[in-house]
Amino acid sequence: TAASFSAAVFGSHPAFALNTAAHLELVAAAAGIGATVGLVGTKPWHFEADALAGEITRRTIPSDLDWRKTGGTSISDLVPTLRNALAQPEVAQADMLVCVDDPLWFCGLVHWVAQRPVVVHFNCAVFAELAPEHFQSQDLQLLLTGLRSLLADPVSPLAGMNRLVMAQLQYQTGVAAPLVPSVPLYLCYRA
């Protein structure tokens, strides 16, 4: 049997999540191995019946994880929902967790809750899309704990999609990340 791998991609923006899935699938196809890519946190209708070729499958992993609906709620309210998403068999057994496009605070939260390496390709500022109430003591501590967890992990690669987010990251945290521009491969492949 051919070797295979699986990945769970956390991403709220359909184009970036699909792009990451396409990159992973392309690398797997070039290596002659099967790949299963699950998409977490995106809307299922964006990914109906998408498959690159052969043993490569892409599917949406059911979850009600939508961090963009945090207005007026506590960040700590996301933790149980995130734990549920991480407990889904496709995510728990995935060889690789990937967080793409979401603000870095969310990727840090994924890393902290999962307690395992996460590949991060970010395109948003560190604390993007947070409401003022999220900077209160409990939420702020949770956000910083997740972010510190991610940034301190030497086996969780981090890359920025553009120079602006890389500069913001370095200014806000002192961490320099490499530039890895997003190339829209998902546009090339249609089932």
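**Figure 1. Aromatic pairs in the predicted model.** Two aromatic pairs occur in the structure, which is a predicted model. In one of them, Trp 105 and Phe 106 have ring centres 6.0 Å apart and planes at 90 degrees; an angle over 60 counts as edge-to-face, so this pair is edge-to-face. Trp 105 has a relative accessible area of 0% and is buried. Phe 106 is also buried, at 2% relative accessibility.

**Figure 2. The pair Phe 127 and Phe 135.** These two residues form an edge-to-face aromatic pair, with 5.8 Å from centre to centre and 75 degrees between the planes. Phe 127 has a relative accessible area of 24%, and because buried requires a value under 20% and exposed one over 50%, Phe 127 is partly exposed. Phe 135, with a relative accessible area of 36%, is likewise partly exposed.

**Figure 3. The largest nonpolar core.** This core has 34 residues. Phe 10, Leu 104 and Val 120 are the residues with the most contacts inside it. At least two residues each come from strands S1 (4–10), S4 (96–100) and S5 (119–122). Helices H2 (78–87), H4 (104–114), H5 (137–152) and H6 (163–173) also supply at least two residues each. Among the contributors, H4 gives the most, with eight residues. In soluble globular proteins, nonpolar side chains tend to be buried together.

**Figure 4. A second nonpolar core.** Apart from the largest nonpolar core lies another core, of 14 residues. Its members include Phe 5, Val 9, Ala 17 and Val 37.

**Figure 5. Strand S4 and its pairing with S1.** Four of the five residues of S4 are buried, and the strand is mostly covered. S1 and S4 run parallel and are joined by four bridges. Val 9 has Val 98 in S4 as its bridge partner. Val 9 is also one of the residues of the 14-residue core, while S1 and S4 each supply at least two residues to the 34-residue core.

**Figure 6. From S4 through H4 to S5.** S4 also pairs with S5, in the parallel sense, over three bridges. Cys 99 stands opposite Val 120 in S5. The chain leaves S4, passes through H4 and reaches S5, and this β-α-β crossover is right-handed. Val 120 is among the residues with the most contacts inside the largest nonpolar core, and H4 gives that core eight residues.

Conventions
Residues numbered from 1 in each chain as written. Predicted model: local features only at pLDDT ≥ 70, side-chain atom pairs only at ≥ 80, totals over all residues. Heavy atoms only, no water. Core = buried A, V, L, I, M, F, W, Y, C linked by side-chain atoms within 4.5 Å. Buried < 20%, exposed > 50% of the residue type's maximum accessible area, 1.4 Å probe, protein only. Phe/Tyr/Trp six-rings, centres within 6.5 Å; stacked < 30°, edge-to-face > 60°. Pairing = 2+ DSSP bridges. Right-handed = clockwise from strand over helix to strand, strands pointing away.
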